[in-house]
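Student: Hey, can you walk me through this protein? I'd like to poke at it bit by bit.
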Amino acid sequence: MSEPTRLLEVAELDLVFEPARWAFAERRAASISAHWTRLRKSKPTLFNGRVLLLGRRVIESRPDGALKLRGAFFETDYADFLAWSEFGCPGEPVDNCFSMAALRGADGAFLLGEMAPHTFSAGQIYFPAGTPDPTDVFDGKVDLDASARRELFEETGVKAGETTIAPGWTLAFAPQRIACMKLMTLAVPAARIKERIDSFLAQDPHAEFSRMHIVRGPGDIDETRVPIFVASYLREAFAQRSVG
């Protein structure tokens with residue numbers, strides 16, 4: 001049984017980039033290479049770029065009483081990251097900390113994408129997201145807000161400037177994952193934006209998403225394909241809406 005997801009509201013992300021050697025990647029280099037070779041046979045379009053993983057991290061209180069996540073990222077190969085995930089996340093504590101654009105229509109319904117067959121997570125359904133990479137580093141800081149905006153546009157064609165962006169973040173803690181949810185609300189109903197995004201996706205044979213899904217309430221959550229941390233976020237969002 002999967003461990004439950006813990007949700008936490010924070011006002012700020014204070015994340016830096018600190019170059020560091022990763023003992024796991026060095027110690028398991030041969031098995032990582034073999035694992036990547038096997039993956040490439042089944043998913044030939046996979047690209048071994050560079051990604052950022054979170055090493056040390058802590059939740060702190062600011063002088064105003066609000067919470068913030070403070071931590072440091074290091075850089076490694078995508079192949080290292082995938083092998084680490086597949087091998088059970090061994091070694092010293094490390095988190096895949098990433099941002100997700102929690103896209104919501106004016107009618108309160110959320111829009112999630114279904115990962116395309118050529119991707120590593122084929123068939124899974126979640127918000128526009130991606131493991132941060134070196135392009136998300138600015139003056140030594142890792143900017144997950146910029147990462148969320150970039151992923152939203154690359155994966156859906158929607159610009160963050162078209163949305164109303166909520167302050168702060170909802171952090172969803174799952175084993176070796178910290179999903180940083182940034183709520184972005186459009187001024188039009190979800191069905192209308194779904195048509196637009198699906199049209200955008202149809203023009204690109206290499207799109208990350210194959211199609212969009214509308215989630216109007218807990219009953220629309222596909223528990224078999226929506227990751228537990230995304231499902232937890234959605235259930236909490238709908239619960240708050242019903243209370244409000």
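Tutor: Sure, we'll go through helices, charged pairs, cysteines and a couple of single residues. Keep in mind that this is a predicted model.

Student: Okay, helices first. At what angle do H2 and H3 cross?

Tutor: Their axes cross at roughly 95° and come within 9 Å. Helix H2 covers residues 29–42, and helix H3 covers residues 78–86.

Student: And what do you call that, parallel or perpendicular?

Tutor: Roughly perpendicular, because angles from 65 to 115 degrees get that label.

Student: Which residues meet there?

Tutor: From H2 you have Ile32, His35, Trp36 and Leu39. On the H3 side, they meet Tyr78, Ala79, Asp80, Leu82, Ala83 and Glu86. Sorted by type, the contact has 7 nonpolar, 1 polar and 2 charged residues.

Student: I see numbers like 32, 35, 36 and 39 on H2. Why would residues three or four places apart point the same way?

Tutor: An α-helix has 3.6 residues a turn, so residues three or four places apart end up pointing the same way.

Student: Back to H3. How many of its residues are buried?

Tutor: 7 of the 9 residues, so H3 is largely enclosed by the rest of the structure. The buried ones are Tyr78, Ala79, Asp80, Phe81, Leu82, Ala83 and Trp84.

Student: What do those buried residues pack against?

Tutor: They pack against H1, H2, S3, S5 and strand S4, which is 67–77. Just after H3 comes Gly88, with a positive phi of about 95°.

Student: New topic: how many salt bridges are there?

Tutor: The count comes to 22. Let's take a few of them.

Student: Okay, who does Lys141 pair with?

Tutor: Asp14, with 2.7 Å from N to O. Lys141 lies in strand S10 and Asp14 in strand S2, so this pair ties together parts that are 127 residues apart in sequence.

Student: Is Asp14 buried or exposed?

Tutor: Asp14 is buried, at a relative accessible area of 15%. Lys141 is partly exposed, at 38% relative accessibility.

Student: Got another one? What about Arg56?

Tutor: Arg56 forms a salt bridge with Glu18, at 2.6 Å from N to O. Arg56 is in strand S3 and Glu18 is in the loop between S2 and helix H1, so they tie together parts that are 38 residues apart in sequence. Arg56 is partly exposed at 46%, and Glu18 is partly exposed at 35%.

Student: And which residue does Asp107 bridge to?

Tutor: To Arg216, with the closest N and O atoms 3.1 Å apart. Asp107 lies in the loop between strand S5 and S6, while Arg216 lies in the loop between strand S14 and helix H6, so the pair ties together parts that are 109 residues apart in sequence. Asp107 is partly exposed at 37% relative accessibility, and Arg216 is partly exposed at 42%.

Student: Which residues do shared salt bridges join into one network?

Tutor: Asp133, Asp136, Arg150, Glu151 and Glu154 are joined that way.

Student: Tell me about Glu151, then. Where is it found?

Tutor: Glu151 sits in helix H4, residues 144–156. It is buried, at 7% relative accessibility.

Student: What is Glu151 in contact with, leaving aside its neighbours within four places in sequence?

Tutor: Pro128, Ala129, Gly130 and Thr156. Ala129 is 22 residues from Glu151 along the chain, and their C-alpha atoms are separated by 5.6 Å.

Student: Switching again: how many disulfides does the structure hold?

Tutor: It holds 0 disulfides.

Student: Why don't Cys97 and Cys180 have a bond?

Tutor: Their sulfurs are 3.8 Å apart, which is too far for a bond, because a disulfide needs the sulfur atoms within 2.5 Å. Cys97 is buried at 0% relative accessibility, and Cys180 is buried with a relative accessible area of 0%.

Student: Last one: Pro117. Buried or exposed?

Tutor: Exposed, with a relative accessible area of 62%. Pro117 is in the loop between strand S6 and strand S7.

Student: What does Pro117 contact?

Tutor: Leaving aside its neighbours within four places in sequence, Pro117 is in contact with Lys43 and Ala122. The C-alpha atoms of Pro117 and Glu208 are separated by 8.8 Å, and these two residues are 91 residues apart along the chain.

Definitions and conventions
Residues are numbered from 1 along each chain as its sequence is written. This is a predicted model: local features need pLDDT of at least 70, side-chain atom pairs count only at pLDDT 80 or more; totals for chains, interfaces and linings use all residues. Side-chain values use heavy atoms; hydrogens and water are left out. Axes are lines fitted to C-alpha atoms, for helices over the stretch in contact, and angles run from 0 to 180 degrees between N-to-C directions. Helices (H or I, at least four residues) and strands (E, at least two) are DSSP runs, numbered from the N terminus. Angles under 35 degrees count as roughly parallel, over 145 as roughly antiparallel, 65 to 115 as roughly perpendicular and the rest as oblique. Contact means heavy atoms within 4.5 Å. Ala, Val, Leu, Ile, Met, Phe, Trp, Tyr, Cys and Pro count as nonpolar, Asp, Glu, Lys and Arg as charged, and the others, Gly among them, as polar. Buried means under 20% relative accessible area, exposed over 50%, partly exposed in between (1.4 Å probe, protein chains only). A salt bridge is a side-chain nitrogen of Lys or Arg within 4 Å of a carboxyl oxygen of Asp or Glu.
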